[in-house]
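Got the viewer open? Let's walk through this one stop by stop, selecting a few pieces at a time.

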Amino acid sequence: MLTPQDSEWMAQALRLAERGLYTTSPNPRVGCVLVRDGKVVGEGWHERAGQPHAEVHALREAGEAARGSTAYVTLEPCSHHGRTPPCADALIAAGVSRVVVAVQDPNPQVAGEGIAKLRNAGIAVESGLMEAAARELNIGFFARMTRGTPWVRSKTGMSLDGRTALANGVSQWITGPAARRDVQYWRARSCAVLAGVGTVLADDPQLNVREIETDRQPLRVVLDSKLQTPPSARILEEGNVLIYTAMKDEAKIAALRQAGAAVELLPDGDGQVDLPAMLRDLAQRGINEVLVEAGSTLNGALLRAGLVDELLLYVAPQLLGDAARGIAQLGELTALEQRIDLTWQDVRQVGADLRIVARVKGKENV
């Protein structure tokens, strides 16, 4: 039976898991706390892919004190050999007597088998404690494992009347420095940052993580149906760039590859990139979370196709008027039933601006 104390220890495990927010990709963020006689004897979190999992760090810290302890783990212990041995086996070998799991692993290679292995070894297992928080922490991993596509989060800086740029394209800067710095944390937690070629041509962005300390840069992805990205674009300078196109132009492809980009041909039959196929391909590359930093054309295409899960909106206290550009080209709606409904996730002030996280209705859970 679960107790209030169990919730306290699981909350601590979740705080540990958050330490891997920017580093564990493509693996999930996981924390583990070992408690014996009401005291923590070991704790750990998964720091990066290929390195020991949270349970192993906690067991190493606990040593012999792990025997007879309760393990609080934010994700079901793995039961298979990947780049590291199964954590379920490590817990069994250490003599842990009870395991409390926040949420079952969605990975088909685990999916309940870790819990079953623990129970078959005589260990008491309870699952579901603070499940919602554990899923939210790894929402991209759950999306990739359960539906085969990443979690897509679209970021937009806009005025209070929903405008992202003047009619002539000028947009720097609508939002303030605090909001722009905040974006860096969202980039850092993302596995990929996606932009359209229009953004590349207009702004020549780098789309990398700046101003905050990180040793992992997200994959930069450009949607470029007609191969208009110049080989001199700044986004190509550091490598780690993937361009999706619908045009088979060997000379342009060779030039972009020579500049350091990977190029993938994914036509949809109408001269555009196949957006669902692109997301499936990113998932196969281990991409959990995609941050879209695009203009109204790509934002509109993704929203119309039902491919956006969440909006990250920075709203500046200003009005740009009806001639300015909107956040997404959705076309004319002729009935309210055609609207895209959202649910508020978080609203807070960042500097002079508001930051709104809104989830597309129906995408609240994966």
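## Stop one: a strand and its partners

Select R220 and you'll find it standing opposite V241 in β10. Keep in mind as you go that this is a predicted model. Now widen the selection to strand β9 (residues 219-223) and strand β10 (residues 241-245): the two pair in the parallel sense over 4 bridges. Add V222, which stands opposite I243 in β10.

Next, turn to the other neighbour of β10. Strand β11 runs parallel to β10, and 5 bridges join the two. To see one match-up here, pick T245, which stands opposite L265 in β11.

Is β10 mostly covered or mostly open? It's mostly covered, with 5 of its 5 residues buried. Show the side chains and sort them by direction: V241, I243 and T245 point one way, while L242 and Y244 point the other way. Both sets are buried.

## Stop two: the sheet around it

Zoom out and colour the strands. β10 belongs to an open sheet of 9 strands, in the order β11-β10-β9-β8-β12-β6-β13-β16-β15, with mixed pairing. Which strands sit at the edges? They're β11 (261-265) and β15 (342-350), each pairing on one side only. Look along the sheet and you can follow its twist: neighbouring strands are turned by 20° against each other on average, ignoring direction.

If you're wondering what holds such strands side by side, strands of a sheet pair through backbone hydrogen bonds, either parallel or antiparallel.

Now select helix α11 (residues 296-304). This helix lies across β6 (151-159), β8 (192-196), β9, β12 (289-292) and β13 (310-316). Against β8, α11 runs at about 110°.

## Stop three: a second sheet

Move on to β1 to β5. These make an open sheet of 5 strands in the order β2-β1-β3-β4-β5, again with mixed pairing. The edge strands are β2 and β5, each of which pairs on one side only. From one strand to the next, the twist averages 15°.

Pick out β4 and β5 for a closer look. They run parallel and are joined by 4 bridges. Click on V101 and you'll see it opposite S127 in β5.

## Stop four: helix α3 and what covers it

Select helix α3 (residues 87-94) and show C87, A88, L91 and A94, which are buried. Turn the view to look down the axis of α3: its buried residues fall within an arc of 130°, so they line one face of the helix. There's a general pattern to look for here: an α-helix has 3.6 residues a turn, so residues three or four places apart point the same way.

What covers those buried residues of α3? The cover includes α2 (54-62), β3 (70-73), β4 (98-101) and α4 (113-120).

Keep α3 and α4 on screen together. They pack at an angle of about 20°, with their axes 9 Å apart. Angles under 35 degrees count as roughly parallel, and α3 and α4 are therefore roughly parallel to each other. Their crossing is right-handed. For the contacts, show A88, D89, L91 and I92 in α3, which meet G114, K117 and L118 in α4.

Before you leave, click on G95, just after α3: this residue takes a positive phi of about 85°.

## Stop five: loops with unusual backbones

Head for the loop between α1 (4-18) and β1 (31-36), where you'll find P26. A cis peptide bond joins S25 and P26, with omega about 5°.

Then go to D37, in the loop between β1 and β2 (39-45). Phi of D37 is near 55°, a positive value in a residue other than glycine. At 73% relative accessibility, D37 counts as exposed.

M130 makes a good companion, in the loop between β5 (124-127) and α5 (131-137). Its phi is near 60°, again positive in a residue other than glycine. M130 counts as partly exposed, at 31% relative accessibility.

## Last stop: Q184

Finish in helix α7 (residues 177-189), where Q184 has its place. Is Q184 buried or exposed? Q184 is buried, with a relative accessible area of 3%. Leaving out residues up to four places away in sequence, Q184 touches N208, V209, R210 and I212, so add those four to your selection and take a look around.

Notes
Residues numbered from 1 in each chain as written. Predicted model: local features only at pLDDT ≥ 70, side-chain atom pairs only at ≥ 80, totals over all residues. Heavy atoms only, no water. Buried < 20%, exposed > 50% of the residue type's maximum accessible area, 1.4 Å probe, protein only. Arc of directions from axis to C-beta. Contact = heavy atoms within 4.5 Å. Pairing = 2+ DSSP bridges. Axes fitted to C-alpha atoms, helices over the stretch in contact; angles between N-to-C directions. Parallel < 35°, antiparallel > 145°, perpendicular 65-115°, else oblique. Left-handed = near helix turned anticlockwise from the far one by under 90°.
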